Structure formats: C-alpha cells, structure tokens
Amino acid sequence: MKPITLVTGASAGIGAELARVFAGHGHELVLVARREDKLSALADEFAAAGGQRPTVLSMDLARRDAIPALATELAARGLEPEIIVNNAGFGLVGRAARLNRDEQLAMIDLNVRALTELSLTFVDGLARHRGGILNVASVAAFSPGPGMAVYYASKAYVLSLSEALHQEYGRRGIRVTALCPGPVPTEFQQRAGLRDERSQIALLSLSAERVARIGYDGLMRGKRVVVAGFGNRVAVFLLRIIPNAVLLPLMYVGTRWAERHS
Ligand SMILES: NC(=O)c1ccc[n+]([C@@H]2O[C@H](COP(=O)([O-])OP(=O)(O)OC[C@H]3O[C@@H](n4cnc5c(N)ncnc54)[C@H](OP(=O)(O)O)[C@@H]3O)[C@@H](O)[C@H]2O)c1
C-alpha cells in the first residue's frame with residue numbers, strides 16, 4: 001500500500017493551507033471535503049507546480065457511513081494513510097436552545113464522530129509507517145463556551161482525545177498533535193453565523209497559512225498540543241486560571257453582543 005497524507009476539509013480555509021504545506025514538503029495527498037470543484041482546483045494547482053496530483057474524494061464526513069466508505073475507496077486505490085489531518089469542522093453561534101438541533105448534532109457528527117473514527121480506523125497503518133495524526137482543535141477547547149456551547153464542547157473533546165492518543169499511540173511510534181488556533185479569517189465565521197467583522201478579535205487573529213505552518217511544524221516535532229500564536233497562548237493561560245464563575249457570564253454577554261451584530 002502506498003503511504004499518503006489524508007487532509008479533511010481541504011476545500012477551504014485552514015485545511016487548504018495545510019494541504020499546501022504538506023504538498024510543499026513532498027507528501028502525496030488525498031484531499032477530502034464535499035465541494036469537489038474546490039478540491040480539484042487545489043489538486044490542479046499542486047500538479048501545475050510540478051508536484052504529484054493529489055487524489056480528490058468528495059464526501060460528506062458527517063454521514064455515518066462516510067469513514068468506512070473512505071477506507072474502502074483508499075484500499076481500492078492501493079493507498080494507506082501515513083498521516084491523517086483531521087481538520088474538517090464547523091461551529092454555530094447562538095444560544096443552544098435557539099439554534100437548530102439537527103445542525104448542532106451534525107456538528108458533533110463531523111467535529112467529534114468522524115474525527116474519532118478516522119483516528120481509530122487506520123491505526124495499524126499509521127504505526128507501520130511511523131506516521132501521525134494532526135487534529136485541529138481550537139482555543140475554544142480550553143473552556144466552556146456559552147453562546148457556542150456545542151462547538152466549544154466538541155473542541156474540548158478533540159483536545160482531550162488527542163492528548164490521550166498522543167500518550168497511547170506514541171508507544172507505537174505514531175505522533176498525535178492537537179492544533180489549537182484562535183480566530184482565523186476563513187469561511188468558518190460565515191458558516192457559524194457571524195457576519196460582523198468586529199466580532200473577530202484582531203489582536204489574536206492569524207492567517208490560515210500561518211496556522212497551517214505552525215500545525216505542520218508541531219506535528220513534525222512530535223508536540224502534544226500546539227496553540228497557534230503568542231496572543232492565543234496568553235489567552236489559553238488566562239482561560240485556565242480565571243474561574244468559570246467569572247468567565248462564563250462574561251462570555252455570555254459577549255455572545256449576546258455577537259448575536260445582536262450578526
Ligand atoms: N477559522 C477559525 O477561526 C477557527 C479557529 C479555531 C479552530 N478552527 C477549526 O479549524 C478547522 C477548519 O476550519 P476553517 O476555519 O478552515 O473553516 P472553513 O473555511 O469553513 O473550512 C471548513 C472545511 O471543512 C469542510 N467541511 C465542512 N463540513 C464538512 C462535511 N460535512 N464533510 C466534509 N467536509 C466538510 C469544508 O468543505 P466543504 O464545505 O467543501 O465540505 C471546508 O473544507 C475546523 O475544525 C474549525 O473548527 C477554526
């Protein structure tokens with residue numbers, strides 16, 4: 001089986017930049033997301049630059065049958081993940097009881113379930129290739145998030161799972177890194193329902209390209225957790241020391257403000 005780097009959510013934002021960084025370091029790629037045209041355009045870009053054209057797989061990873069179908073597709077092509085980049089994900093802004101329940105559950109299917117299934121399914125191949133998993137969590141993983149409750153909880157799960165697998169899989173020669181970006185201007189904000197740029201904290205914001213490079217370096221160095229950017233490391237430090245009794249009401253007020261401006 002030929003070893004490949006699988007990147008989920010490669011059709012936009014951080015995932016597209018992660019694909020660029022891995023391609024730039026000579027990795028053979030499989031790109032996964034729903035929008036085939038975007039994935040194909042990226043694959044063409046890499047081929048035009050003289051690299052290997054990535055395999056493009058258009059699929060909805062929130063579907064229950066997605067990962068078995070992906071595994072079958074890869075095996076049929078003689079491909080096996082050496083590195084898995086679990087990047088596909090989305091958030092929703094608003095009070096949980098007001099947001100659409102099915103959409104919130106779909107968020108868990110993508111951010112949590114698909115990521116977990118991908119992290120478990122290919123473990124023997126990852127060990128054989130002494131490869132790795134880069135899970136895209138978030139600064140949101142470090143506290144509860146009133147106003148984005150399910151999203152924050154999903155990222156706390158990603159961080160927790162990644163840290164535990166870092167320990168377990170490390171014994172088999174597999175690196176596992178949780179990448180925790182702060183705000184990154186991508187399609188994420190519009191998908192989440194944030195339409196006002198003022199709701200972005202400019203001080204903490206990094207480009208998707210920068211975040212992707214930080215994530216790649218973190219994985220290659222075998223880091224357990226990588227928080228992208230100095231400002232976000234300070235934010236995580238504060239999130240860890242400020243009591244929830246103080247933090248949560250402040251976040252709730254922030255959310256009401258964001259709701260009014262979205
Ligand atoms: N942007 C931020 O401020 C920020 C901060 C911290 C963490 N993150 C995390 O970073 C990751 C990437 O986000 P981003 O900012 O790059 O967002 P983005 O620009 O909206 O990109 C999301 C990617 O996920 C894919 N995706 C969404 N639903 C999918 C599904 N059901 N099946 C397969 N692919 C799906 C999208 O492709 P298709 O639409 O083509 O399927 C797209 O490629 C996410 O896990 C997000 O939680 C983002």
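Author: Let's begin with a term: a polar contact is a pair of N or O atoms within 3.5 Å; within protein, one must be able to donate a hydrogen and the other to accept it, and residues adjacent in sequence count only if both atoms are side-chain atoms. This is a predicted model, where local features need pLDDT of at least 70, side-chain atom pairs count only at pLDDT 80 or more, and totals for chains, interfaces and linings use all residues. Residues are numbered from 1 along each chain as its sequence is written, and side-chain values use heavy atoms, with hydrogens and water left out.

Reader: Thanks! Which atom of the ligand does a polar side-chain atom of Asp-60 lie 2.7 Å from?

Author: For Asp-60, the partner is a nitrogen atom of the ligand. An oxygen atom of the ligand lies 2.8 Å from a backbone N or O atom of Ile-14, and the side chain of Gln-189 has an N or O atom 3.2 Å from an oxygen atom of the ligand.

Reader: How many residues surround the ligand?

Author: A residue counts as near a molecule if one of its heavy atoms lies within 4 Å of it. Here 30 residues surround the ligand, the closest being Ser-11, Arg-34, Asp-60, Tyr-151 and Thr-186.

Reader: And what is a nonpolar core?

Author: In soluble globular proteins, nonpolar side chains tend to be buried together. A core is a set of buried Ala, Val, Leu, Ile, Met, Phe, Trp, Tyr and Cys residues joined through side-chain atoms within 4.5 Å; buried means under 20% relative accessible area, exposed over 50%, and partly exposed in between (1.4 Å probe, protein chains only). The largest one in this model has 51 residues, and Leu-6 and Leu-70 are among those with the most contacts inside it. Apart from it lies another core of 30 residues, including Val-7 and Leu-179.

Reader: Is Leu-6 buried or exposed?

Author: Leu-6 counts as buried because its relative accessibility is 0%. Contact means heavy atoms within 4.5 Å; leaving aside neighbours within four places in sequence, Leu-6 is in contact with Val-30, Val-32, Leu-70, Ile-83, Ile-84, Val-85 and Leu-118. With neighbours set aside in the same way, the contacts of Leu-70 include Leu-57 and Met-59.

Reader: What about the phi of Arg-130?

Author: Most residues other than glycine have a negative phi. Arg-130 has a positive value, near 50°. Arg-130 counts as exposed because its relative accessibility is 57%.
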